Amino acid sequence: MDPLHLTTSRRKGTLTVSVAGELDIATTEQFRSHLLALLQEAGRSRRADTELVIEMSRLSFIDAAGLGILVSVQNQAVNQRTRLHIQGVPPNMRRLLRITGLDQHLS
């Protein structure tokens, strides 16, 4: 089991969180809390172009609980008008997003 590791960077209105390890029922609360804190930060920003990027190239596993967090955070981002992007999605996860139809909602 790879522990979840989150690294955040800030650059020109973009908050990027790099996700490494496993995102499962045991780590979703840590992930959710971190992303919600970043969304709050983005919401307080005076920049109109603020966005949150979730970089997942080093994510080795995600389960249904992890997918649920992504959907929840995407909904929160839409509600507060913060752009959210997911990038670096590993091929096996990209397939899972396509099968579940989430690829249409998570960009």
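Contact here means heavy atoms within 4.5 Å. This is a predicted model. The protein has three helices and four strands. In sequence order they run β-β-α-β-α-β-α. The radius of gyration is 13 Å, close to the 13 Å that the globule rule gives for 107 residues, so the protein is as compact as a globular protein of that length.

**Overall build**

- The C-alpha trace spans about 40 × 25 × 20 Å along its principal axes.
- Of the 107 residues, 43% are buried.
- Take the contacts between residues at least 6 apart in sequence: 68% of them join residues at least 24 apart.

**Surface and charge**

- The exposed area is about 6,300 Å². Carbon and sulfur atoms supply 49% of that area.
- The protein carries 13 positive and 10 negative charges. Their mean positions lie 10 Å apart.

**The nonpolar core**

- In soluble globular proteins, nonpolar side chains tend to be buried together.
- The largest nonpolar core in this protein holds 28 residues. Phe31, Ile54, Met56, Leu70 and Ile86 touch the most other members.
- Six elements are listed as giving two or more residues to this core: β2 (14–23), α1 (28–44), β3 (51–62), α2 (64–79), β4 (83–87) and α3 (91–100).
- Met56 is one of the core residues that touch the most other members. Beyond its neighbours within four places in sequence, Met56 is in contact with Val19, Leu70, Ile86, Gln87, Gly88, Val89, Pro90 and Met93.
- Leu70 and Ile86 therefore appear twice: among the core residues with the most member contacts, and among the contacts of Met56.

**Gln74 and Leu84**

- Gln74 sits in helix α2. Its relative accessible area is 14%. Buried means under 20%, so Gln74 counts as buried.
- Setting aside neighbours within four places in sequence, Gln74 contacts Leu84, His105 and Leu106.
- Leu84 belongs to strand β4. Leu84 is also buried, at 6% relative accessibility.
- The contact between Gln74 and Leu84 thus links a residue of helix α2 with a residue of strand β4.
- Leu84 and Thr14 are 70 residues apart in sequence. Their C-alpha atoms are 9.8 Å apart in space.

**Ala65**

- Ala65 is placed in helix α2. At 23% relative accessibility, Ala65 is partly exposed.
- Ala65 touches Ile25 and Thr28, leaving out residues up to four places away in sequence.
- Ala65 and Ala26 are 39 residues apart in sequence. From C-alpha to C-alpha, they are 9.1 Å apart.

**Positive phi in two loops**

- Lys12 lies in the loop between β1 (5–11) and β2. Its phi is near 45°, a positive value in a residue other than glycine.
- Lys12 is exposed, at 64% relative accessibility. The cut-off for exposed is over 50%.
- Arg81 lies in the loop between α2 and β4. Arg81 has a positive phi of about 65°, although it is not a glycine.
- Arg81 is exposed too, with a relative accessible area of 79%.

Notes
Residues are numbered from 1 along each chain as its sequence is written. This is a predicted model: local features need pLDDT of at least 70, side-chain atom pairs count only at pLDDT 80 or more; totals for chains, interfaces and linings use all residues. Side-chain values use heavy atoms; hydrogens and water are left out. The radius of gyration is taken over C-alpha atoms; the globule rule is 2.2 Å times the number of residues to the power 0.38. Buried means under 20% relative accessible area, exposed over 50%, partly exposed in between (1.4 Å probe, protein chains only). Accessible areas come from the Shrake-Rupley method with a 1.4 Å probe; for residues, only the protein chains shown count as cover. Lys and Arg count as positive and Asp and Glu as negative; His and the chain ends are not counted. The place of a charge is taken as NZ of Lys, CZ of Arg, CG of Asp or CD of Glu. A nonpolar core is a set of buried Ala, Val, Leu, Ile, Met, Phe, Trp, Tyr and Cys residues joined through side-chain atoms within 4.5 Å.
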